[in-house]
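Trainee: Got a minute? I'd like to go through the ligand site with you.
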Amino acid sequence: METRPFGKKGVQVPLLGQGTWQMEQDPRREAIAALRRGIDLGLRHVDTAEMYGSGAVEEMVAEAILGRRDEVFLVSKVLPENATRRGTIVACERSLRRLRTDHLDCYLLHWGSRHPLPGTLEAFEELREAGKVRSYGVSNFDEERLQEAVALAGPGRIACNQVLYHLAERHADTGLVARCQEAGAAFVAYSPFGSGSFPAAASAAGKVLAGVARAHGKTPRQVALAFLCRQPGTFAIPKAASRAHVEENAGAAGLELTPEDISRLEKAFPARRQAELPTL
Ligand code: NAP
């Protein structure tokens with residue numbers, strides 16, 4: 001699985017990782033086995049959050065990474081309502097306990113908070129100095145908020161911005177991907193399969209996608225993942241709760257789309273600028 005640096009000072013992280021939102025609703029044993037299979041196949045970036053299943057998903061992730069913590073790039077997120085200076089530290093310590101680890105590889109503010117951002121960033125810095133998080137970042141931050149966070153945190157401190165990005169939602173291509181690159185922040189595509197609404201095979205755009213997939217002997221989802229990670233500094237975290245799905249997703253590794261493929265896909269799934277950064 002190809003890796004690239006995650007953020008300015010970041011470690012090498014695989015382009016494809018694994019999401020875990022709503023995994024508490026999946027058959028537990030199968031979902032944990034799927035996560036473990038994904039790690040075997042190189043999907044070592046595991047994304048979770050205190051919000052997911054109100055902590056239950058972090059406990060599932062703990063089981064999945066048991067005995068192999070060092071293989072995983074582990075990310076969790078603080079809820080905005082908890083993101084005061086003190087609240088962020090307490091939330092992180094709760095997540096660490098549930099995840100049965102002494103550190104996170106990256107800790108994110110889940111989305112913009114009513115609590116002042118400087119306090120959250122001070123807490124992130126305190127956690128980093130204490131070794132409880134190796135890096136920190138943001139999620140669902142538009143260009144303006146990202147700029148503010150970077151200015152407050154200092155150069156190279158914001159390791160990533162995790163954002164909604166899939167074939168049918170390419171708002172980020174109208175500026176945010178470029179701003180992340182300029183800031184040296186990894187751009188992490190969440191909901192890369194549209195969170196359950198993947199382009200229909202019978203649609204005009206779905207046919208273009210299928211054509212590219214056929215030409216490479218790959219599946220449409222594998223092409224989608226390669227497309228979403230086509231730019232420097234970009235990553236994707238598909239969620240899958242079955243081994244078959246995980247294996248298909250990991251099979252995107254090594255797929256190199258040609259400039260012609262990319263331009264066909266960009267035309268079939270045009271980037272449209274929305275009034276606001278779309279989120280889920
Ligand atoms: P997603 O990854 O776009 O799609 C997940 C859906 O696709 C699930 O129904 C899954 O089914 C299905 N799927 C996965 N692989 C498949 C395959 N090979 N063939 C057919 N179906 C497949 O959706 P998501 O969970 O919304 O997003 C991914 C992750 O991003 C989340 O889990 C979470 O970690 C993160 N996220 C972050 C935010 C944020 O605000 N920061 C928001 C949303 C999501 P099964 O589960 O049955 O395998």
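Mentor: Sure. Keep in mind that this is a predicted model. Start with glycine 194: a polar backbone atom there is 3.4 Å from an oxygen atom of the ligand.

Trainee: Okay, that's backbone. Which polar side-chain atom lies 3.4 Å from an oxygen atom of the ligand?
Mentor: One from histidine 110.

Trainee: And what lies 3.3 Å from a nitrogen atom of the ligand?
Mentor: Arginine 221. A polar side-chain atom of arginine 221 is at that distance.

Trainee: How much of the ligand's accessible area does the protein cover?
Mentor: 87% of it. On its own, the ligand has 910 Å² of accessible area.

Trainee: Which residues come nearest to the ligand?
Mentor: Asp47, Phe193, Ser195, Lys239 and His245. They belong to a set of 27 residues around the ligand.

Trainee: What classes are in that shell?
Mentor: There are 13 polar residues, nine nonpolar and five charged.

Trainee: Which element gives the largest share of the shell?
Mentor: Helix H9, residues 243-250. Helix H9 supplies three residues.

Trainee: Switching to pockets. Where does the ligand sit?
Mentor: In the largest pocket. The volume of that pocket is about 670 Å³.

Trainee: How many residues line the largest pocket?
Mentor: 31 residues. Nearest the pocket centre are Trp21, Gln22, Ser191, Ser195 and Lys239.

Trainee: Ser195 and Lys239 were on your ligand list too, right?
Mentor: Yes. Ser195 and Lys239 are among the residues that come nearest to the ligand, and among those that lie nearest the centre of the largest pocket.

Trainee: Last one. What is the class make-up of the pocket lining?
Mentor: The lining has 14 polar, 13 nonpolar and four charged residues.

How values were computed:
Residues are numbered from 1 along each chain as its sequence is written. This is a predicted model: local features need pLDDT of at least 70, side-chain atom pairs count only at pLDDT 80 or more; totals for chains, interfaces and linings use all residues. Side-chain values use heavy atoms; hydrogens and water are left out. A residue is near a molecule or strand if one of its heavy atoms lies within 4 Å of it. A polar contact is a pair of N or O atoms within 3.5 Å; within protein, one must be able to donate a hydrogen and the other to accept it, and residues adjacent in sequence count only if both atoms are side-chain atoms. Accessible areas come from the Shrake-Rupley method with a 1.4 Å probe; for residues, only the protein chains shown count as cover. On a 1 Å grid over the protein atoms alone, a cavity is a set of points where a 1.4 Å probe fits but cannot get out, and a pocket is an open set with protein on both sides within 12 Å along at least five of seven lines; lining residues have an atom within 4 Å of a point. A molecule sits in a cavity or pocket if more than half of its atoms lie within 2 Å of its grid points. Helices (H or I, at least four residues) and strands (E, at least two) are DSSP runs, numbered from the N terminus. Ala, Val, Leu, Ile, Met, Phe, Trp, Tyr, Cys and Pro count as nonpolar, Asp, Glu, Lys and Arg as charged, and the others, Gly among them, as polar. Grid points are joined across faces, edges and corners, and a volume is the space filled by probe spheres set on the points.
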